[in-house]
Amino acid sequence: MAELITALIHHPYQPPSGFVAPQPGVFKASTVFFPNVAAMRQFDWKDKSAYTYGLHGTPTTYTLEERLCTLEGGAQCLLVPSGLAAIATVCLALLRNGDEVLIPDNAYGPSKALAEGELAHWGITHRYFDPMDPADLAAKLSPQTRLVWLEAAGSVTLEFPDLCEQVRLCRAAKVLCALDNTWGAGLAFRPFDLQPGQLPALAVDISIHALTKYPSGGGDVLMGSVITTDQGLHMRLKLCHMRLGLGVAANDAESVLRALPSLSLRYRQHDESTRALAHGCQQRDEFAQVLHPALPQSPGHAQWQALCGDAFGAAAGLFSVIFKPDYSQAQVDAFCDALQLFKIGYSWGGPMSLVMPYQLETMRSKWPAHLARGTLVRFSIGLESAADLQNDLLQALQQVA
Ligand SMILES: *Cc1c(COP(=O)(O)O)cnc(C)c1O
């Protein structure tokens, strides 16, 4: 008879199998047991029909990976601890000394910082291209180019590029293209089937997604995914992912699994409120420009319409305004501070609306010709009543008038 402490650790009870409930179970593990040494020697960590170590997958992470493949129309998925880690994994797996990566000038800021920091230190060069001019991308593709990043809509300024043309250029140059699909979230368009009905499908090679945003939906989880349709490419990424020791915690995976069923409902609601507020801002004279791809005056509106459907296509929950130049930075800061429902904070995709002023001149290689001069403020619209948010914007504008 084992002593109590041993009996508690090596307990023989097995719950009956066949438990079925709305949510999948949460399996937490570093160690995973093998039935015997022969099985341990035979199991391959790359083979998802079995388990070898918590970092290489559990039922919880495998389940989330499959659901995310369904969301984005991909075949293989890697989970990483943040959206930025997804960008870094792709760069580290595919680029080596002497290679060049092309990045749109309106890319997610930390992605540019990675190129200017670690990638540059390791002898990997980068060039920024004009996301609104396919000829500029075409001119910058060179024999050294190994990877092109794409993003639709662009970060902060929300210009919508001609994504199909950009992908065609990469295809023609036989260069891999990776899309940051956080804005589209798998709902606004299909990254692996950009022109539905057309064969062969026009597809990006890799779609990364900051699950931190809409899939989490709570502003309380950091996670990213790297989705592909080509097994060979997936394995190149997966080997690097394993060697870097990247993985996600089971409780975080469970949070995303729990939020996924409401993803499209939330996305639609964010979208609807955002359009109402962006339209409202367009009527005001404080602003030189309102940036939202569904507004006809917004840069890339026609490309958005072509890719995301008709006027009722999806457009996420972000818009930006550029204050007329007679508003000083201090007045714009005071406007942000005067908002009550909008909180000042980074990120988006949660239930609370957020506001953030940006200094665009520090973020772009040159001021884009299609943007008015002035201080930019970005709004992330949450799930509050659009009328309440509208009133909040109006009272804050009155305070700085
Ligand atoms: C937020 C964001 C990321 C990074 O996600 P984190 O999980 O915060 O690292 C990457 N790309 C875009 C477009 C984002 O908005």
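## Two domains and a shared core

In this model, 34 residues of domain 1 touch 35 residues of domain 2. Bear in mind that the model is predicted. The domain assignment runs domain 1 over 37-261 and domain 2 over 263-400, and their centres, taken over C-alpha atoms, sit 26 Å apart.

**Where the domains meet**
- Together the two domains bury about 2,900 Å², and 65% of that is on carbon and sulfur atoms.
- On the domain 1 side, look at V156, W183 and Y214: they supply 28% of the area that domain 1 buries against domain 2, more than any other three residues.
- As for polar links, there are 15 residue pairs in polar contact between domain 1 and domain 2.
- Salt bridges are another story, with zero found across this interface.

**The largest nonpolar core**
- The largest nonpolar core has 53 residues, and those with the most contacts inside it are L64, L68, V148, F160, W183, F189 and L194.
- Elements giving two or more residues to this core include α3 (59-72), β1 (76-80), β4 (145-151) and α10 (263-282).
- The top contributor is α7, with five residues.
- Both domains have a stake in this core, since at least three residues come from each of domain 1 (37-261) and domain 2 (263-400).

**A closer look at L68, and a second core**
- Leaving out residues up to four places away in sequence, L68 touches C77, L79, L211, S225, I227 and L260.
- Apart from the largest core lies another one, of 29 residues, with I87, C91, I103 and L237 among them.

Technical notes
Residues numbered from 1 in each chain as written. Predicted model: local features only at pLDDT ≥ 70, side-chain atom pairs only at ≥ 80, totals over all residues. Heavy atoms only, no water. Core = buried A, V, L, I, M, F, W, Y, C linked by side-chain atoms within 4.5 Å. Buried < 20%, exposed > 50% of the residue type's maximum accessible area, 1.4 Å probe, protein only. Helix = DSSP H or I, 4+ residues; strand = E, 2+ residues; numbered from the N terminus. Domains from an automatic or database assignment. Contact = heavy atoms within 4.5 Å. Buried area = accessible area lost by both parts, 1.4 Å probe. Salt bridge = Lys/Arg side-chain N within 4 Å of Asp/Glu carboxyl O. Polar contact = N/O pair within 3.5 Å; in protein donor to acceptor, adjacent residues only side chain to side chain.
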